[in-house]
Amino acid sequence: MAVATALASRGRGRTAPNPNVGCVIVQDGRVIGRGWTQPGGRPHAEAMALDQAGEAARGATAYVTLEPCAHQSLRGPACADLLAEAGVARVVAALRDPDPRTDGEGFARLRAHGLTVDVGTGAEEARRAMAGFLTRRAFGRPHVTLKLGLSLDGKIALANGSSRWITGAPARAHAHLERARADAILVGRGTFAADAPKLDVRLRGLEERAPRRFILASTKPQIEETGWSWLPAPNLIGKLVGVDHLLIEGGAGVAASFLRDDLVDRLLLYRAPIVIGGDGLPGIGDLGIGALLDTHGRWALHDARMLGMDRLEVYERRRKG
């Protein structure tokens, strides 16, 4: 399942509105087929893995990060039917599909064909891998990651606005990888005007994976450069078609507005070993917090690592359900 989850991550930011699923087919302890949802949503992971496995799939076990779909589509058959027709004996799925067209029906159809079905293996990591699809289904909006490059004292720039470069090359490369995994990227009007950011992906082999670019502004800005779109308010992100993973890169006002509206699901904090001081610009604007007790229990540390001289900390928003 860990391999299937890693394969699912390959499709992140490229499959919306379909989930980015991963699938591995195993026969006698040997992997005979691997698949992940392809750009645009088709072929599905199971179809790709079955195509690789061929006749060897008969009697095999399929590990899949999400319940195989049960609904017919003009773009391809239901994966539950494909697995049954291929003679797969067992399906191990991490998660049930919340899409009402499948939601349990995929498992029921597999069992009706005599397949053994096990559910729940690797569920937590599968949720992370498919966070965009699952967040869209649960909350009607994209999964939102807020990225901040900070000094040790929480500043993003000098008093004059200079911010290049707070972090080193390894941290910046990791941030570009995060861009490649997003459907869309967003900055505020101030960041757009001050930095003229390209927000592209500058990693060899991933240049074509640059996300769609949005400016957050209460009134429509004058945009001379093509390839930019306007978003009037944070609470309208649910209307962004084909966007299940949204990355926010700046600035402090934008960060505060999304945090105030409780729309941030994941924090990426790149901390450089520098101190800027009181005249520096803070990474996050006023959140209107009245008591410190209100801030506890909201965030959980998921990952921490060194990227050269800088430290990356990844926090996830704790939510019920």
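Which residue forms a salt bridge with Arg109? Keep that question in mind while you look at the whole model, which is a predicted one in which local features need pLDDT of at least 70 and side-chain atom pairs count only at pLDDT 80 or more, while totals for chains, interfaces and linings use all residues. Residues are numbered from 1 along each chain as its sequence is written, and side-chain values use heavy atoms, with hydrogens and water left out.

**The whole chain**

Show the protein chain as a cartoon, and you can trace nine helices and 15 strands, which are DSSP runs numbered from the N terminus (helices are H or I with at least four residues, strands are E with at least two). Its C-alpha trace spans about 70 × 45 × 40 Å along the principal axes. Of the 321 residues, 50% count as buried, where buried means under 20% relative accessible area, exposed means over 50%, and partly exposed lies in between, with a 1.4 Å probe and protein chains only.

**Helix 4**

Now select Arg109 and Glu105, for Glu105 is the partner asked about at the start: the closest N and O atoms of this salt bridge are 3.8 Å apart. A salt bridge here is a side-chain nitrogen of Lys or Arg within 4 Å of a carboxyl oxygen of Asp or Glu. The two residues are four apart in helix 4, and are therefore separated by about one helical turn. Arg109 is partly exposed at 21% relative accessibility, and Glu105 is also partly exposed, at 37%.

**Helix 6**

Next select residues 131-139, which form helix 6, and colour its buried residues, Ala131, Gly132, Phe133, Leu134 and Thr135. These pack against several elements, among them strand 3 (61-66), strand 4 (90-95) and helix 5 (123-129), with contact meaning heavy atoms within 4.5 Å. On the same helix, pick Arg137, which forms a salt bridge with Asp99, the closest N and O atoms being 3.3 Å apart. Asp99 lies in the loop between strand 4 and helix 4, so the pair ties together parts that are 38 residues apart in sequence. Arg137 is partly exposed at 40%, whereas Asp99 is buried at 5%.

**After helix 6**

Step on to Gly140, which follows helix 6 and has a positive phi, near 70 degrees. Then select Arg141 and Asp265, whose salt bridge has its closest N and O atoms 2.8 Å apart. Both of these residues are buried. Finally, add Asp262, Arg317 and Arg319 to the selection, since salt bridges that share partners join them with Arg141 and Asp265 into one network.
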